[in-house]
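Me: I am new to reading protein models. Could you take me through one, feature by feature?

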Amino acid sequence: MALLRLSNVITRSLSGRAAAHRAMAKAALCADSSASTRLKRYNHHIEKAQQLEARLSETAKRSIGGAV
C-alpha cells in the first residue's frame, strides 16, 4: 500500500481546487446573467485559482527545502 504524505494530499487538494475554480470561471462567462455579473464572477474565480496556485507553489518550495 502506498504511503500517503500530508504534503502530497495538500498538493493534490490545492491543485484540484484551483482547477475547479478555473472551471467555475469559464462557466461564469456562459451564465445567463448580465455582463457585469458574469465578469465579476469570472474575476473572483480566477483570483481564487491564482491564490490557490500560489499556496501550491509555497507548499512545494517548503517541501523541497525541508527535504534537502
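The dialogue below goes from the whole chain to single residues.

Me: What kind of model is this?

Reply: It is a predicted model. Keep that in mind throughout.

Me: How many helices and how many strands does the protein chain have?

Reply: Start with the secondary structure. The protein chain has two helices and zero strands. Helix α1 covers residues 6-29. Helix α2 covers residues 35-67.

Me: What share of the residues counts as buried?

Reply: Look at relative accessible area here. Under 20% is buried, over 50% is exposed, and partly exposed lies in between. In this protein chain of 68 residues, 15% count as buried. The accessible surface of the chain is about 5,200 Å². Carbon and sulfur atoms account for 59% of that surface.

Me: How do I read contacts along the chain?

Reply: Ask how far apart the partners sit in sequence. Take the contacts between residues at least 6 apart in the protein chain: 59% of them join residues at least 24 apart.

Me: Let us try one residue. Where does A25 lie, and which residues is it in contact with?

Reply: Place the residue first, then list its partners. A25 belongs to helix α1. Set aside neighbours within four places in sequence, and A25 is in contact with Y42, H45 and I46. A25 and K48 are 23 residues apart along the chain, and their C-alpha atoms are separated by 9.7 Å.

Me: Is A25 buried or exposed?

Reply: A25 is buried, because its relative accessible area is 0%, and the cut-off for buried is under 20%.

Me: What about H21: where is it, and what does it touch?

Reply: Use the same routine. H21 is also a residue of helix α1. Not counting residues up to four places away, H21 touches H45, K48, A49 and L52. H45 is thus on two lists, being in contact with A25 and touched by H21. H21 has a relative accessible area of 13%, so it is buried.

Me: How many salt bridges does the structure hold?

Reply: The general idea is charge. Side chains of opposite charge can pair when their charged atoms come close. This structure holds one salt bridge. E53 forms it with R22, and the closest N and O atoms are 2.3 Å apart.

Me: Why does this pair tie together parts that are apart in sequence?

Reply: Check the helix of each partner. E53 lies in helix α2 and R22 in helix α1, so the pair ties together parts 31 residues apart in sequence.

Me: Are the two partners buried or exposed?

Reply: Neither end of that choice fits. E53 is partly exposed, because its relative accessible area is 35%. R22 is partly exposed too, at 33%.

Me: What else surrounds R22?

Reply: Look beyond the salt bridge. Leaving aside neighbours within four places in sequence, R22 is in contact with A49 and E53. The side chains of R22 and E53 are also joined by a polar contact of 2.3 Å. A49 is touched by H21 as well. For spacing, take R22 and Q50: 28 residues apart in sequence, and 9.1 Å from C-alpha to C-alpha.

Me: One last residue. How does A54 read?

Reply: Go through helix, exposure and spacing. A54 is found in helix α2. A54 has a relative accessible area of 41%, so it counts as partly exposed. A54 and L14 are 40 residues apart in sequence, with 9.6 Å between their C-alpha atoms.

Key: Residues numbered from 1 in each chain as written. Predicted model: local features only at pLDDT ≥ 70, side-chain atom pairs only at ≥ 80, totals over all residues. Heavy atoms only, no water. Helix = DSSP H or I, 4+ residues; strand = E, 2+ residues; numbered from the N terminus. Buried < 20%, exposed > 50% of the residue type's maximum accessible area, 1.4 Å probe, protein only. Contact = heavy atoms within 4.5 Å. Areas by Shrake-Rupley, 256 points an atom, 1.4 Å probe, with all protein chains shown as cover. Salt bridge = Lys/Arg side-chain N within 4 Å of Asp/Glu carboxyl O. Polar contact = N/O pair within 3.5 Å; in protein donor to acceptor, adjacent residues only side chain to side chain.
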